[in-house]
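Open the model in your viewer and keep the selection panel at hand. The stops below go from the whole chain to the core and then to the ligand.

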Amino acid sequence: MQVVLLTHDHDRTGFDCGVLELNRFLKATARQHNDKGISRTFVLIDEQNPKVILGFFTLTICEVDIKAVPVAYVKKYPPQHGLPAVRLTRLAVSVKERGKRYGEALLGEAVHRTATIAEQAGLLGLFVDAKDDAAKRFYEKYGFVSTDGRPQRLFLPVETFLQL
Ligand SMILES: CC(C)(COP(=O)(O)OP(=O)(O)OC[C@H]1O[C@@H](n2cnc3c(N)ncnc32)[C@H](O)[C@@H]1OP(=O)(O)O)[C@@H](O)C(=O)NCCC(=O)NCCS
């Protein structure tokens, strides 16, 4: 298994994660955004069948308001707007491939890539908007915490993943 940048070679139309909006993003937008540098989408593939997308995730750089940071982590930061972070905007596994720990592997890779950005440029952590309670439970398993006032917005502090 390998995680690589999404390119023309991957069969985007054959991918179905069961969530229309995520399928559409992968088919219509993800590669354009890669080309334009708006975000980066990476796909999980099997080297034996490298065109088939087993799952994907998308990362983008963002700025967060100090109010977006959970209260337990606020104190160490200056009270200013526009603090740097990374947002995991999408994560999905093909419906045919669920339960094989591919979601965990993709999340691990997203965190690993965020750690590299943290080391090189500095940031607060990784944010994600869980699309429902099940997705929220999935992220909480891996140390994400709810942000104040927006329980579906989750945060993985940089100190948590740099320790891993
Ligand atoms: C969420 C998702 C990525 C999980 O992928 P997966 O490959 O099936 O999950 P894994 O096999 O890696 O599961 C790892 C662990 O998470 C748990 N898990 C998986 N999906 C879960 C869900 N929807 N809710 C809660 N826990 C979940 C598994 O039970 C497993 O737990 P365990 O360590 O106790 O055995 C997948 O269900 C998916 O693509 N869902 C649709 C899109 C989505 O909801 N994306 C989240 C972005 S908001």
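Helices and strands here are DSSP runs, a helix having at least four residues and a strand at least two, numbered from the N terminus. On that basis the pattern along the sequence reads β-α-β-β-α-β-α-β-α-β-β-α, made up of 5 helices and 7 strands. The model is predicted.

**Whole chain.** Select the C-alpha atoms of the protein chain; along the principal axes they fill a box of roughly 50 × 30 × 30 Å. The radius of gyration is 16 Å, which agrees with the value near 15 Å for a compact globule of 164 residues. Of the contacts with a separation of 6 or more, 62% join residues 24 or more positions apart. Buried residues make up 30% of the 164.

**Core.** Next, select F56, F57 and A110, the residues with the most contacts inside the largest nonpolar core, which has 39 residues. Then colour α1 (20-36), β2 (40-45), β3 (55-64), β4, α3, β5 (125-129) and β7 (150-157), each of which supplies at least two residues of this core. The largest share comes from β4, with 6 residues. Now centre on F56: leaving out residues up to four places away in sequence, F56 touches L6, L26, T41, F42, V43, L44 and A92.

**Ligand.** Which residues are the closest to the ligand? Select R98, G103, E104, K131 and A134, the closest of the 21 that surround the ligand. Two or more residues of this shell come from each of β4 (83-93), α3 (102-121) and α4 (133-140). With 4 residues, α4 gives the most. Coloured by type, the shell shows 11 nonpolar, 3 polar and 7 charged residues.

How values were computed: Residues numbered from 1 in each chain as written. Predicted model: local features only at pLDDT ≥ 70, side-chain atom pairs only at ≥ 80, totals over all residues. Near = placed C-beta within 6 Å. Nonpolar A, V, L, I, M, F, W, Y, C, P; charged D, E, K, R; others polar. Core = buried A, V, L, I, M, F, W, Y, C linked by C-beta atoms within 7 Å. Buried ≥ 20, exposed ≤ 12 C-beta atoms within 10 Å, placed from the backbone. Contact = placed C-beta atoms within 7 Å. Rg over C-alpha atoms; globule rule 2.2 N^0.38 Å.
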